[in-house]
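Here is a short set of exercises to work through with the model open in your viewer. Try each task before you read its solution.

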Amino acid sequence: MGSPVVLGIESSCDETGAGLVREGRLLGHAVASSMDEHARYGGVVPEIAARAHVHAVRPVVQRALEEAGLRLTDIGAVAVTTGPGLSGALQVGLAGAKGLAYALGVPLYGVHHLAGHVAADTLEHGPLPNPCMVLVVSGGHTSLLLVRDLARDPIVHLGDTLDDAAGECFDKVARVFGLPYPGGPAIDRAARSGDPHAVPFPRPLPGSYDFSFSGLKTAAVRWAESHAGAESPVADGAASFQEAVADVLTRKAVAACVEHGVGTLVVVGGVAANSRVRALAEERCRAAGLTLRVPPLRLCTDNGAMIAAVGDLLVRAGAEPAPLDVSVDPSAPLEHAALHPTATAWAAA
C-alpha cells in the first residue's frame, strides 16, 4: 500500500489554505485571502484575520478536495501550521485540523511555517538536493538556511534578519511612497518604468550572512520625504529600492553557496515572487555555475499545499505524529520541519 493522502492546512496570517499531497505530488489546493479586509489599515489586523479563517477553513478544504476529485474519507493524515504566525489565526487552523484528524481517525502533524515554504519547491521540482542552500524571504522572515534532509535533519541557520524582514520592508516603504498595500506587488509594478540606479540606496551588512533592512527602510523614507510637495519620481525610487533588496538577498545567498560548496540555491517565500529578485538570482546563479530553484508564483505566497508537502515528507520519513495536546507557538524558531509545541510546555514556561 502506498503513502496516504495528506491534507495540509495553513492559517498563520491572512491566507487560509488547504492542499492535498501524496508521495510528493500535489493533487489539489485552494486559498482564501482576507487581504482586501486589511488593505484599508495598511497591514494585517490579527482579529480580522482570525475571524476570516473561521469562515474560510471548511470551504477551502472542500474546494481542495473537489479539485483533487477526492472525499474527506480519502484523507490519510492531516498536517497543520503550528507556528510561527498570529496566535489567533494559528489557533483557528489547528482547531480545524484537530477536528478533521480526530473525526477521520488519522494522524496529525504540526508543521513549521517556514519549512512549508521550503517544501513548496518540491511540488514543482521534485526532492530537494542534499544539501541545498535555501533563501527564505517573506513578510515576516528573511533567512539563509543550509538544508539537508528536510524531514529528518536539523536546519542550519547561516543568517537571519536582525530587524525588518524583506517583505515587511516592502510594505512599509510602499506606504511612504504612496503605493497601495500589499507593498511587494505594488513596488514591483511601479519599478517597471523606473531607473534602478537612480537612487544610491545602501546595501546593509555586506560582510555578513545576516540581514538588516531597517537602515534601507529609513533611507527610503528620507528620500520620499525629500520629494514631498513635488512631483515625486516614485518609479525611480521603487526601482532603486527593489534593486537594493534584490542585490543584498542574492549576493549573500550565492556567496553562501560558494563558501559551503553547495550547488543548488532554492529561493522561497512571498518575496520570491518579486520579478527582480527572481531575475537577479537567475543571473548570479548562472554566473557562479549554480542551479537555481524557485517555486511557481502560486506556491510562493502562503498556501496549504506547502504544509501538506511537509506532512507528506514527515509521513514517508516515519516521523511521530503530534501529541494530543499539541498547541501553537507564534514565535517558534525554525529548527526542524515538524513543530509540536504542547499546551503543557507553554504552561510550564
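**Exercise 1. Find which residues of H7 are buried, and what they pack against.**

Solution. Start with the terms: helices (H or I, at least four residues) and strands (E, at least two) are DSSP runs, numbered from the N terminus. Buried means under 20% relative accessible area, exposed over 50%, and partly exposed in between (1.4 Å probe, protein chains only). By that rule, Gly183, Ala186, Ile187, Asp188, Ala190 and Ala191 are buried in H7.

Next, look at the spacing. An α-helix has 3.6 residues a turn, so residues three or four places apart point the same way.

Finally, look for neighbours, where contact means heavy atoms within 4.5 Å. The buried residues of H7 pack against H6, H9 and H10.

A word on the ground rules: this is a predicted model, in which local features need pLDDT of at least 70 and side-chain atom pairs count only at pLDDT 80 or more, while totals for chains, interfaces and linings use all residues. Residues are numbered from 1 along each chain as its sequence is written, and side-chain values use heavy atoms, with hydrogens and water left out.

**Exercise 2. Describe the lining of the largest pocket.**

Solution. First, the definition: on a 1 Å grid over the protein atoms alone, a cavity is a set of points where a 1.4 Å probe fits but cannot get out, and a pocket is an open set with protein on both sides within 12 Å along at least five of seven lines; lining residues have an atom within 4 Å of a point. Grid points are joined across faces, edges and corners, and a volume is the space filled by probe spheres set on the points.

Then the size: the largest pocket holds about 1000 Å³ of space. Its lining has 35 residues, and Ser138, Gly139, Gly140, Gly167 and Asp171 lie nearest the centre.

Now sort the lining by element. Helix H4 (113–120), helix H6 (166–176) and helix H7 (183–191) each supply at least two residues. H6 gives the largest share, six residues.

Last, sort by class, with Ala, Val, Leu, Ile, Met, Phe, Trp, Tyr, Cys and Pro as nonpolar, Asp, Glu, Lys and Arg as charged, and the others, Gly among them, as polar. The lining of the largest pocket splits into twelve nonpolar, 15 polar and eight charged residues.

**Exercise 3. Do the same for the second largest pocket.**

Solution. The space here is about 300 Å³. Of its 19 lining residues, Pro127, Leu128, Asp149, Leu313 and Arg316 are the closest to the centre. Helix H5 (122–125) and helix H11 (304–316) are the elements that give two or more residues to this lining, and the largest share, four residues, comes from H11. By class, the lining of the second largest pocket has nine nonpolar, four polar and six charged residues.

**Exercise 4. Place E1 in its sheet, and decide how its two faces are covered.**

Solution. Two strands pair if DSSP finds at least two bridges between them. Five strands build an open sheet of mixed pairing, in the order E3-E2-E1-E4-E5. Strand E3 (25–33) and strand E5 (108–112) are the edges, each paired on one side only.

Take the partners of E1 in turn. With E4 (residues 75–83), E1 (residues 5–10) pairs in the parallel sense over five bridges; isoleucine 9 stands opposite valine 80, and valine 6 opposite alanine 77. With E2, E1 runs antiparallel, joined by five bridges, and leucine 7 has leucine 20 as its bridge partner. E1 and E2 form a hairpin with four residues between them.

For the faces, recall that in a regular strand the side chains alternate between the two faces of the sheet. Val5, Leu7 and Ile9 on one side of E1 are buried, and so are Val6, Gly8 and Glu10 on the other.

**Exercise 5. Work out the strand order of the sheet that contains E9, and how E9 pairs with E10.**

Solution. The order is E8-E7-E6-E9-E10, an open sheet with mixed pairing. Its edge strands are strand E8 (156–160) and strand E10 (291–293). Strand E9 (residues 264–268) and E10 run parallel, joined by three bridges, and leucine 265 stands opposite leucine 292 in E10.
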